[in-house]
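Dear colleague,

I am passing on the structure below, and after it you will find my notes on what turned up when I went through it. Please read them with the coordinates open beside you.

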Amino acid sequence: MTILIDADGCPVVDLTLQIAKQFCVPVIILCDTSHQIEREGAQTLVFDKGADSVDFALVNRVKPGDIVVTQDYGLASMCLAKCARVLNQNGLEYTADNIDSLMLRRYENKKLLRAGKYPKGSAKRTKEQDEAFVATLTDILASI
C-alpha cells in the first residue's frame, strides 16, 4: 500500500506525511513544474504543466488498496474505479455512494461559470478541517 498525494494546491501534505510515518506507509507526492513540493520522507514526482498531466500520472500509478489524497472529483472517480481508497483534504472519503452527487455538483458549478456566474469560493482552512482529515486518514490506516 502507498499513499499518493495530488499535491497541486493540497494543504495536507505535511499532515499526510506525519500520519504515514506513524504507520510506516510510503508516500508519493505528485505535482507539476509550477508546484514542486519536496518533503523528507516522501518520493516526489514532477510532471510537465498541462491540463490533467498530474491526474493521469497518478491514475497510471495507483493500485488496488492504495490511498489517494485529492480534492479533484474526476480524479477521485478514476481512482475509485481502480479500487483505491480516496479522500479529500477535509477528511471526506469518496465512495461509490457519494461520488455521483459530487460529480453532478462539479458539473453544475462549471455550467454556472460558463454562464458568467461565479459560485462562492472556499472559506479559509480551519483547524476542524485538519482534525477531520487526520481522523479519517488515521482510521483508514488503522483498519488495514
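**A buried asparagine ahead of α4**

The side chain of N98 comes to 3.1 Å from the backbone oxygen of E93, and that same residue also reaches, again through its side chain, the backbone nitrogen of T95 at 2.8 Å. Please bear in mind throughout that this is a predicted model. N98 sits in the loop that links β6 (93-94) to α4 (99-114), and because its relative accessibility is 18%, where the limit for a buried residue is under 20%, N98 counts as buried. When residues up to four places away in sequence are set aside, N98 touches L92 and E93.

**Helix α3 and its surroundings**

At the N-terminal end of α3 (73-81) there is a cap provided by D72, one of whose side-chain oxygens lies 2.8 Å from the backbone nitrogen of G74. Just after the helix, C83 adopts a positive phi of about 65 degrees. The buried residues of α3 are Y73, G74, L75, A76 and C79, and what covers them includes β1, α2, β4, β5 (85-87), β6 and α4.

The packing of α3 on α4 can be described in some detail, since the axes of the two helices are 9 Å apart and the angle between them is about 155 degrees. Angles over 145 degrees count as roughly antiparallel, and α3 is therefore roughly antiparallel to α4. The crossing of α3 and α4 is left-handed, and the residues that meet there are Y73, G74, A76, S77 and L80 from α3 and I99, L102, M103, R105 and R106 from α4.

**Helix α2**

Helix α2 covers residues 53-61, and its buried residues are V54, D55, A57, L58 and V59. Their cover includes the strands β1 (3-6), β2 (27-32), β3 (43-47) and β4 (67-69), together with the helix α3.

**Two nonpolar cores**

The largest nonpolar core holds 22 residues, of which I3, I5, V13, V69 and L137 touch the most other members. At least two residues of this core come from each of β1, α1 (13-22), β2, β4 and α5 (127-142), and α1 gives the most, with five. Apart from this core lies another, made of 20 residues, with L4, F47, L58 and L75 among them. As for V13, its contacts beyond four places in sequence are I5, A7, I29, I37 and R39.

**How α1 meets α5**

The axes of α1 and α5 come within 10 Å of each other and cross at roughly 30 degrees. Because angles under 35 degrees count as roughly parallel, α1 is roughly parallel to α5. The crossing of this pair is right-handed, and the contact is made by L15, T16 and I19 on the α1 side and by D130, F133, V134, L137, T138 and L141 on the α5 side.

A general point may help when you look at such contact lists: an α-helix has 3.6 residues a turn, so residues three or four places apart point the same way.

**Three further residues**

T44 is found in strand β3, where its relative accessible area of 16% makes it buried. The side chain of T44 reaches the backbone oxygen of I37 at 2.8 Å, and, leaving aside neighbours within four places in sequence, T44 is in contact with I29, C31, I37, E38 and R39.

Q18, which is found in helix α1, is partly exposed, with a relative accessible area of 49%. From C-alpha to C-alpha, Q18 and G41 are 9.2 Å apart in space, although 23 residues separate them in sequence.

T126, finally, is placed in the loop between α4 and α5, and at 33% relative accessibility T126 counts as partly exposed. T126 and R114 are twelve residues apart in sequence, and their C-alpha atoms are 30 Å apart in space.

With best regards

Technical notes:
Residues numbered from 1 in each chain as written. Predicted model: local features only at pLDDT ≥ 70, side-chain atom pairs only at ≥ 80, totals over all residues. Heavy atoms only, no water. Buried < 20%, exposed > 50% of the residue type's maximum accessible area, 1.4 Å probe, protein only. Helix = DSSP H or I, 4+ residues; strand = E, 2+ residues; numbered from the N terminus. Contact = heavy atoms within 4.5 Å. Core = buried A, V, L, I, M, F, W, Y, C linked by side-chain atoms within 4.5 Å. Polar contact = N/O pair within 3.5 Å; in protein donor to acceptor, adjacent residues only side chain to side chain. Axes fitted to C-alpha atoms, helices over the stretch in contact; angles between N-to-C directions. Parallel < 35°, antiparallel > 145°, perpendicular 65-115°, else oblique. Left-handed = near helix turned anticlockwise from the far one by under 90°.
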